[in-house]
Every structure is written in C-alpha cells, then in structure tokens.
Amino acid sequence: MEIEDIPAVFALGERVFTVDDSPTLYRTWDEYQVVDLFSSDGETCLVAELDGKLVGFALGTMINKRKSSWVYGYLIWLAVSPDVAGRGVGRELVESLNEAFIELGARMVLVDTDADKEDALRFFEKMGFGHPSEHVYLSLNLTGRPEYRRIRARRDRR
Ligand SMILES: CC(C)(COP(=O)(O)OP(=O)(O)OC[C@H]1O[C@@H](n2cnc3c(N)ncnc32)[C@H](O)[C@@H]1OP(=O)(O)O)[C@@H](O)C(=O)NCCC(=O)NCCS
C-alpha cells in the first residue's frame, strides 16, 4: 500500500462494510483506521490492484506481547470489491499478508468478524483459519445515561 491508496481504501471499505451486512464493521470503519494503520504498520497494509484499479485491501498489525515468545499477526480489515468477488483476490491478500507477518516474526495470525457473517467465516475457513471462539459485541447507548446529560451540559456551557 502507498500513501496515494488511502482514499481508495477508505472508499472501498465504505462500500463493503455496510450497516446491513456487517453492523460492527460499519460502525468502526472510518478514515482514521486507514491513516493510523498505514502510519504505524505500513509493512502489513496491502492492496490488490487489477488493471490499475484498487480492488481489495488487507490491513494488519503486529502484536508483540511483553514477556512472551509468541508474536501474533492480527488481520484487522479485509475487503475485496464485489466486482471481482470469487476471483482469488481475497486469497492472494491473505497469503501475502501471512508472508509479511512471518517476515516480522509472527507465529500465529488472528482474525475476527461478526459471528453471523457466514460468508467471511467460510472464506477464513478456506484460508486455513480454525478454532473459532465466540466473541460477543455489546453496546451501551450513552445518551440515556445521567452522566451523559451532566457532562454534555457542562461541555455546552464552556
Ligand atoms: C470475504 C472476502 C474477502 C472474500 O474475497 P474473495 O476475493 O471473493 O475470495 P477468493 O476469491 O479469494 O476466495 C478464496 C476461497 O474462499 C472461498 N470463498 C470466498 N467467499 C466465500 C463465501 N462467501 N462462501 C464460501 N466460500 C467462499 C472461495 O470459494 C475460495 O475457495 P477456493 O480457493 O477453494 O476456490 C470478500 O467477500 C469480502 O470483502 N467480504 C466483505 C468484507 C468482509 O467480510 N471482510 C472480512 C472481515 S474484516
């Protein structure tokens, strides 16, 4: 990935991470995800191009746990344009990212997605990922809380 790819990566994420298809990904995807990961982990941010057009990306980071010999690669964001679905772009991205993770010392790759996102789960199984463990996203609407009104009122007075 190059710095010039940032707008196209963001735009493809906006297209693929929809509220209906993947609400958690939709809520957490924003331009800072791309800019921050590209700045901190440029070596594990990859894009796929077809005929000069960006058609996919894989954004990952390294996790080095202190006092542990285990180093993990964490695939945070993966998307392929629906225009080229099923043509091996996702596989190519994951396999290339695995190689980048190995290069940087990783011994295991982690990935997560919404539990009911069957298509992504089947894809990751095909890529060799296994041992799924349930991961539940919870949310708290802060606007109904007394501290929300108190803090917002104080903020508005400033
Ligand atoms: C999941 C995704 C990355 C797959 O990309 P893709 O380029 O279409 O996948 P590929 O063509 O490389 O497929 C690789 C393998 O996975 C299989 N596969 C892909 N999508 C699948 C699906 N929906 N159901 C079952 N198998 C699937 C393919 O059949 C292929 O298997 P094969 O190599 O044995 O033939 C893409 O559909 C996508 O961007 N989805 C939305 C975003 C998302 O869910 N991201 C992951 C969480 S961040």
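This passage describes the overall fold of the chain, the packing of two of its helices, the surroundings of its ligand and the setting of one glutamate.

The structure is a predicted model, and its chain comprises 158 residues, of which 20% count as buried. Taken along the principal axes, the C-alpha atoms of the chain fill a box of roughly 55 × 45 × 30 Å. The secondary structure amounts to 6 helices and 4 strands, and these elements succeed one another along the sequence in the pattern α-α-α-β-β-β-α-β-α-α. Among the contacts in the chain with a separation of 6 or more, 58% are made by residues that stand 24 or more positions apart.

The packing of helices was examined for α1 and α3. Two packed helices are described by the angle between their axes and the distance between the axes. For helix α1, which spans residues 6-16, and helix α3, which spans residues 31-40, the axes come within 9 Å and cross at roughly 135°. Because angles over 145 degrees count as roughly antiparallel and those from 65 to 115 as roughly perpendicular, this crossing makes α1 oblique to α3. The crossing of the two helices, α1 and α3, is right-handed. On the side of α1, the contact is formed by Ile6, Val9 and Phe10, which meet Glu31, Val34, Val35 and Phe38 of α3. By class, the residues of this contact between α1 and α3 comprise 6 nonpolar and 1 charged, with no polar residue.

The ligand is surrounded by 20 residues, the closest of which are Gly90, Arg91, Asp119, Ala120 and Arg122. Two or more residues of this shell are given by each of strand β3 (71-80), helix α4 (89-103) and helix α5 (118-126), and among the contributing elements α5 gives the most, with 5 residues. When the shell around the ligand is divided by class, 10 of its residues are nonpolar, 4 are polar and 6 are charged.

Helix α4 also holds glutamate 95. This residue, glutamate 95, is partly exposed, because 13 other C-beta atoms lie within 10 Å, whereas a residue counts as exposed at 12 or fewer and as buried at 20 or more. In relation to valine 111, glutamate 95 lies 16 residues away in sequence, and the two are 13 Å apart in space when taken from C-alpha to C-alpha.

Note on methods
Residues numbered from 1 in each chain as written. Predicted model: local features only at pLDDT ≥ 70, side-chain atom pairs only at ≥ 80, totals over all residues. Near = placed C-beta within 6 Å. Nonpolar A, V, L, I, M, F, W, Y, C, P; charged D, E, K, R; others polar. Axes fitted to C-alpha atoms, helices over the stretch in contact; angles between N-to-C directions. Parallel < 35°, antiparallel > 145°, perpendicular 65-115°, else oblique. Left-handed = near helix turned anticlockwise from the far one by under 90°. Contact = placed C-beta atoms within 7 Å.
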